[in-house]
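Got the viewer open and a selection box ready? Here is a short tour, one stop after another.

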Amino acid sequence: LTGMGADGSKGIASLRAKKKLYVITQSEDTCVVYGMPKATDQMGLSNQSAPITGIANAIVKEIGG
């Protein structure tokens, strides 16, 4: 979600090396700071970008709930 830096994307990259992941990042237009989601998007680690109000629905859709 919104935040500064790239530490989140480094963690995702580390996890992805070990496990299959589906990553949803917060869309730029709903971020206060588009740092962490941007880093994850730019590293090609995001499967989907969604507005903050749509992330819960995106999770439910992905897990089949």
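pLDDT is the predictor's own confidence in each residue, on a scale from 0 to 100. You need that here, since what you have loaded is a predicted model. Colour by it before anything else: the protein averages a pLDDT of 93, and 97% of the residues score at least 70. Helix α1, residues 7–16, has the lowest confidence with a mean of 92, while strand β2, residues 48–50, has the highest at 97.

**Stop 1: the whole chain**

Switch to cartoon. You should find 3 helices and 2 strands, and walking along the sequence gives the pattern α-β-α-β-α. Now show just the C-alpha atoms; they fill a box of roughly 30 × 30 × 15 Å along the principal axes. How does the radius of gyration agree with a compact globule of 65 residues? Such a globule would come in near 11 Å, and the protein has 11 Å, so the two agree.

A contact map is worth a glance too. Among contacts with a separation of 6 or more, 66% are between residues 24 or more positions apart. Then turn on the surface: about 4,300 Å² is exposed, with carbon and sulfur atoms supplying 58% of it. As for burial, 25% of the 65 residues count as buried.

**Stop 2: leucine 21**

Select leucine 21, in the loop between α1 and β1. Is this residue buried or exposed? Neither label quite fits: leucine 21 has 26% relative accessibility, and because buried means under 20% and exposed means over 50%, leucine 21 counts as partly exposed. Leaving out neighbours within four places in sequence, leucine 21 is in contact with Ile12, Leu15, Arg16 and Asn47. Draw a distance to the last of these: leucine 21 and asparagine 47 are 26 residues apart in sequence, but their C-alpha atoms are 8.8 Å apart.

**Stop 3: alanine 58**

Next, jump to helix α3, residues 55–63, and pick alanine 58. At 7% relative accessibility, alanine 58 is under the 20% cut-off and therefore counts as buried. Which residues does alanine 58 touch, if those up to four places away in sequence are not counted? Show Ile24 and Gln48 as sticks and you have them. Isoleucine 24 is 34 residues away along the chain, with a C-alpha separation of 7.8 Å from alanine 58.

**Stop 4: alanine 39**

Over to helix α2 for alanine 39. Its relative accessibility is 13%, so alanine 39 also falls under the 20% cut-off for buried. Its contacts, with neighbours within four places set aside, are Gly5, Ala6 and Ser9. To get a feel for scale, try a distance to tyrosine 22: that residue is 17 positions from alanine 39 in sequence and 16 Å away, C-alpha to C-alpha.

**Stop 5: the loop between β1 and α2**

Zoom in on the loop that links β1 (24–26) to α2 (36–42). Threonine 30 is located there, partly exposed at 27% relative accessibility. Which residues does threonine 30 touch, not counting those up to four places away? Light up Ala50, Pro51 and Ile52. Alanine 50 is 20 residues from threonine 30 along the chain, and their C-alpha atoms are separated by 8.7 Å.

Valine 33 is in this loop as well. Its relative accessible area is 31%, making valine 33 partly exposed.

**Last stop: a surface patch**

Keep valine 33 selected, add Met4 and Val32, and bring the surface back. Together, Met4, Val32 and Val33 form a nonpolar patch on the surface, with about 330 Å² of accessible area between them. Why can a residue that is partly exposed, such as valine 33, belong to a patch? Patch membership asks for over 30% relative accessible area, and valine 33 has 31%, so valine 33 passes that cut-off.

Key. Residues numbered from 1 in each chain as written. Predicted model: local features only at pLDDT ≥ 70, side-chain atom pairs only at ≥ 80, totals over all residues. Heavy atoms only, no water. Patch = residues over 30% accessible without salt bridge, like charges linked within 9 Å, V, L, I, M, F, W, Y side chains within 5 Å. Areas by Shrake-Rupley, 256 points an atom, 1.4 Å probe, with all protein chains shown as cover. Salt bridge = Lys/Arg side-chain N within 4 Å of Asp/Glu carboxyl O. Helix = DSSP H or I, 4+ residues; strand = E, 2+ residues; numbered from the N terminus. Buried < 20%, exposed > 50% of the residue type's maximum accessible area, 1.4 Å probe, protein only. Rg over C-alpha atoms; globule rule 2.2 N^0.38 Å. Contact = heavy atoms within 4.5 Å.
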